[in-house]
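Visitor: I am new to reading protein models. Could you walk me through this one?

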Amino acid sequence: MLTLVVPVVVVAVAGVYVLLLETLFKRSECRGAADMSGKAAIITGGNTGIGKATAMELARRGARVIMACRNRRKAEAAISDIKKETGSSEVVYMHLDLGSLKSVRSFAETFLKTETRLDLLINNAGLVADGRTEDGFGIEFGVNHLGHFLLTCLLLDRLKETPSSRVVTLSSMAHRWGKIDFENLITNKDLGSGQYSWQFFQAYCNSKLCNVLFTHELSKRLKGTNVTCYSVHPGIVKTELSRHVSLWQKIFIEPVATLLFLDTKSGSQTTLHCALQEGIEPLSGRYFSCCAVQEVCGKAKDDAVARKLWEVSERLCGLS
Ligand SMILES: *[C@@H]1O[C@H](CO)[C@@H](O)[C@H](O)[C@H]1NC(C)=O
């Protein structure tokens, strides 16, 4: 009996593994050939994980890369790695704390004063955590959505002045489980109820839904310009995103992550596709996964909700 059971189990496990590698954990490759020399890119959170892998490839293609990060020491370490590996001298640090609207404004001011063009804005930074931003917003809503929202708005004129510039915003397939409760947002400055700390995963999904809706609305506001925008599911990547989760979650996630999760280079491919692939401009506003455009569910392309999120975000940032 055992002689039969063992091979059946082995084949079943291998089958499930292959199936997972072909679906949820599928790899893809950016085939865009765009040369980036003479062009400038801002990447938020480029000091680690898929952000660093993205910055590395942009630098390799000759872009001037502005690393918009909170921690100077970590950013300078990443910059030194990137320079060493690519031979580029055009990778610079500019301080940005997305959890502070004041910092976002000061970053934009410095950037606009010192840099002449902006070809690519990559809204890459994201976190899963519990807590509040400097301005009192739920930290995931505040950093993952609102900070990037304000940053993009403040840089929009410069993007418009630069021929065929792009805005790429990192979302996640987790946006499918997201909800947007405007009443809660206005009274509680967050998209969760704020009652239970374990809701930080729900808050993450909510913020990722904001990223997709933001891109949807942004593309409409960019009609008639040469600026296009895209949202991205990078894949399920082994990153430091889980650095804030508890020990038992780490113990559970680590072994699975090692077998299945994408490394940071694979995890940067869809972002790079949206940044570098020629001819995708007609797909502005859409959501990409595995280097291809993907249909999203109704709530992620709801025109009225996307417009309202934009207007509420403007108010929360003091833009209107
Ligand atoms: C967009 O690009 C085209 C082709 O380069 C150019 O002719 C046109 O003036 C640009 N439009 C705007 C609004 O910048």
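Guide: Here are some short questions and answers on the sheet and the aromatic rings. This is a predicted model, where local features need pLDDT of at least 70, side-chain atom pairs count only at pLDDT 80 or more, and totals for chains, interfaces and linings use all residues. Residues are numbered from 1 along each chain as its sequence is written, and side-chain values use heavy atoms, leaving out hydrogens and water.

Visitor: Which strands stand at the edges of the open sheet?

Guide: Strands are DSSP runs of E, at least two residues, numbered from the N terminus. Two strands pair if DSSP finds at least two bridges between them. The order here is β3-β2-β1-β4-β5-β6-β7-β8. A single partner strand each leaves one side without a neighbour for β3 and β8.

Visitor: In β4, what is the bridge partner of A41?

Guide: Strands β1 (residues 40-44) and β4 (residues 120-123) run parallel, joined by three bridges. A41 is bridged to β4 through L120.

Visitor: Is F137 buried or exposed?

Guide: Buried means under 20% relative accessible area, exposed over 50%, and partly exposed in between (1.4 Å probe, protein chains only). F137 has 3% relative accessibility, so it counts as buried.

Visitor: What kind of aromatic pair do F149 and F214 form?

Guide: Rings of Phe, Tyr and Trp (its six-membered ring) pair if their centres lie within 6.5 Å; planes under 30 degrees apart count as stacked, over 60 as edge-to-face and the rest as tilted. The centres of F149 and F214 are 6.0 Å apart. Their planes stand at 70°, so the pair is edge-to-face.

Technical notes: Helices (H or I, at least four residues) and strands (E, at least two) are DSSP runs, numbered from the N terminus.
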